[in-house]
Amino acid sequence: MVLEAIRYKEGQLQILNQLKLPHQVEYDNVRSAEDGWHAIKEMRTRGAPAIAIVAALSLAVELQTITTSDNVEEVLAFILEKLDYLVTSRPTAVNLSDAARKLKRIVENAAKHDGSDGAAVSKAYCDAAAQMLTDDVADNEGIGKHGAEWIMKHSEGSKVSVLTHCNTGSLATAGYGTALGVIRSLHAQSSLQRAFCTETRPYNQGSRLTAFELVHDKIPATLITDSMASALLRLKGPTEKIAAIVVGADRVAANGDTANKIGTYQLAITAKHHGIKFLVAAPRTTIDLQTPSGDSIVIEERPGKEVTMIKGPRFDGVDVDVNSTEVVSIAASGIDVWNPAFDVTPASLIDGIVTEIGVVEKGEDGKFDLTLAMEAQN
Ligand code: MRU
C-alpha cells in the first residue's frame, strides 16, 4: 500500500481521514471548497503542505461544472471569494495563503486574455492546483536529499540516529515528506541507524501518524514521549546517540524564526544544550519573507478538549481494548486549559533550514539570509 494523504484525479478528490489513523484507513470524498475547509478545520487532513494542496484541489473539484458559457468575471469573482474563505480554515501555516496568492494571480491573468471565458479561467485554476500536488513531491525529494547529505557531512561514522517531532511525512504533504523525507533519504542510502519520534502531545501526530509511516516503511524507529527528549539526548550508545533533530515548519519568517508544532521550541533548546544539530526542513512555500520575525506569526489556539480527552484505547483496569475508538477523559474535569497548536523557535537555535534547493546556513553575522533561496530557480 502506498501511503497517500491526498488522492486526486480530475474532478475527484479524496483525503485520508487522519482522525481515524492509526486504527482505520478510510478516505473521505471532498466535493467542494466548503468540504475542503471542514476537512482542514477538523484536522482530517493536516500538515502545512497538505493543507494548502487540499484547499486548492477542493475548489478545483467544485469548478468542474463551469462551462464556456459561464461569464469570465463571475467565475473569477467566485474563485477569489472561495480562496479567501479557504484561507480562514487554519491561520498558522503560510503554505495555504501562499498557494491562494499564487492561484489568484494565475486566474486574474487568465481572465485578462482576449476571448477568455469562464471555462478557460477555471481550467487555468485547475491545472495550477493539480501542479501543486506534483511539485510538492518533487520538492520533498529534494529536501530529503539535501537534508540527508547535510546531516552526514556534520556527523561521524557511516550511520546516524535522528530525532523528529510531529508528522512531516507522506501524510502531511503530497508525498515523501519534509523532515520525514530527510529520514526516508537517510534510510534509503543505508545511513540511518534509527529514527526516534516524539508522540507530540496533545494531538499525537507523532505516535499516530509518524509512527504509522515508520512502521509502514519498515524504517527502524522508536517512539518516545515528548518529556523523554532531553534524557534521550544525553545517551551516547551507538544506536541512541542523536546526530541531529530534524523538524518541519508551518511558517519560516524572514529572519529564520520558525513556527512549528508545539514542543519544537523546547527540542531546539535541549539540542543547543547538548550540542546537537537542529535542522528545519521545509519547502520554500513555507518561507514567508513578508513576516519579519516570529513575533508576528499568529499562533492557532485549539480547543482545550484536545488536551483533556483522548480517543481509545479503553482500559478497564485489567484489559485494554486497542480497537476502541471511545473518547475518554484524561484530566480532572473543570480544569482550565491552554492549547496553542504551534510555537516559535528562534533562529538563534536553528543550525540549518533545508529547502528543495539546498540547506541555508547562517552567515558570518550569525543570521540567516533567506532572500537568495527565495529568488533562486529550481
Ligand atoms: O497541526 P498540524 O498537525 O497541521 O501541524 C503539523 C506540523 O506542525 C508539521 O510539523 C508542519 O506542518 C510541517 S508538515 C510537513
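This note reviews a predicted model of a protein chain with a bound ligand, point by point.

1. **Confidence.** The model is predicted, not experimental. The chain has a mean pLDDT of 95, and 98% of its residues reach 70 or more. For the complex, the predictor reports an ipTM of 0.98 together with a pTM of 0.95.

2. **Ligand shell.** The ligand is surrounded by 17 residues, of which Arg46, Ala48, Ala172, Gly248 and Lys261 are the closest. By class, the shell contains seven nonpolar, seven polar and three charged residues. Two elements that each contribute at least two residues to this shell are helix 2 (48–62) and strand 9 (258–261).

3. **The three-stranded sheet.** An open sheet is built from three strands in the order 1-2-3, with antiparallel pairing. Strand 1 (6–9) and strand 3 (27–30) are the edge strands; each has a single partner strand, so one side of each is left without a neighbour in the sheet. On average, and with direction ignored, neighbouring strands here are turned by 20° against each other. Four bridges connect strand 2 (residues 12–16) with strand 3 in the antiparallel sense. Within strand 3, asparagine 29 is the residue that stands opposite glutamine 14.

4. **Helix 2 on this sheet.** Helix 2 lies across strand 1, strand 2 and strand 3, and its direction is at about 150° to strand 2. Helix 2 thus appears twice in this note, since it also supplies at least two residues of the shell around the ligand.

5. **The seven-stranded sheet.** A second open sheet comprises seven strands in the order 6-5-4-7-10-17-18, and its pairing is mixed. At its edges stand strand 6 (221–224) and strand 18 (358–360), each paired with a single strand, so one side of each has no neighbour in the sheet. The average turn between neighbouring strands, direction ignored, is 25°. Strand 5 (residues 192–198) and strand 6 run parallel and are joined by four bridges. Phenylalanine 196 stands opposite threonine 222 in strand 6.

6. **Helices on the seven-stranded sheet.** Helix 7 (residues 205–216) packs on this sheet, where it touches strand 4, strand 5 and strand 6; its direction makes about 160° with that of strand 5. Helix 6 (residues 179–188) lies across strand 4 (160–164), strand 5, strand 7 (242–247), strand 10 (277–281) and strand 17 (352–355), and runs at about 165° to strand 4.

7. **Helix 3 with helix 4.** Two packed helices are described by the angle between their axes and the distance between the axes. For helix 3 (residues 72–87) and helix 4 (residues 94–112), the angle is about 175° and the axes are 10 Å apart. Angles over 145 degrees count as roughly antiparallel, and helix 3 and helix 4 are therefore roughly antiparallel to each other. On the helix 3 side, the contact involves Val72, Leu76, Ile79, Leu80, Leu83, Leu86 and Val87; on the helix 4 side, it involves Leu96, Ser97, Ala100, Leu103, Lys104, Val107, Glu108 and Ala111. The residues of this contact divide into twelve nonpolar, one polar and two charged.

8. **Helix 3 with helix 5.** The axes of helix 3 and helix 5 (residues 118–153) cross at roughly 30° and come within 7 Å. Angles under 35 degrees count as roughly parallel, and these two helices are therefore roughly parallel to each other. Helix 3 contributes Val72, Glu74, Val75, Leu76 and Ile79 to the contact, and helix 5 contributes Gly118, Val121, Ser122 and Tyr125. This contact has six nonpolar, two polar and one charged residues. Val72, Leu76 and Ile79 of helix 3 take part in the contacts with both helix 4 and helix 5.

9. **Backbone points to check.** Most residues other than glycine have a negative phi, and most peptide bonds are trans. A cis peptide bond links leucine 21 to proline 22, with omega about 5°; proline 22 is found in the loop between strand 2 and strand 3. Arginine 201 and proline 202 are likewise joined by a cis peptide bond, with omega about 5°, and proline 202 lies in the loop between strand 5 and helix 7. Cysteine 166 has a positive phi, near 65°, and is located in the loop between strand 4 and helix 6.

Note on methods:
Residues numbered from 1 in each chain as written. Predicted model: local features only at pLDDT ≥ 70, side-chain atom pairs only at ≥ 80, totals over all residues. Near = placed C-beta within 6 Å. Nonpolar A, V, L, I, M, F, W, Y, C, P; charged D, E, K, R; others polar. Pairing = 2+ DSSP bridges. Axes fitted to C-alpha atoms, helices over the stretch in contact; angles between N-to-C directions. Contact = placed C-beta atoms within 7 Å. Parallel < 35°, antiparallel > 145°, perpendicular 65-115°, else oblique. pLDDT = per-residue confidence, 0-100.
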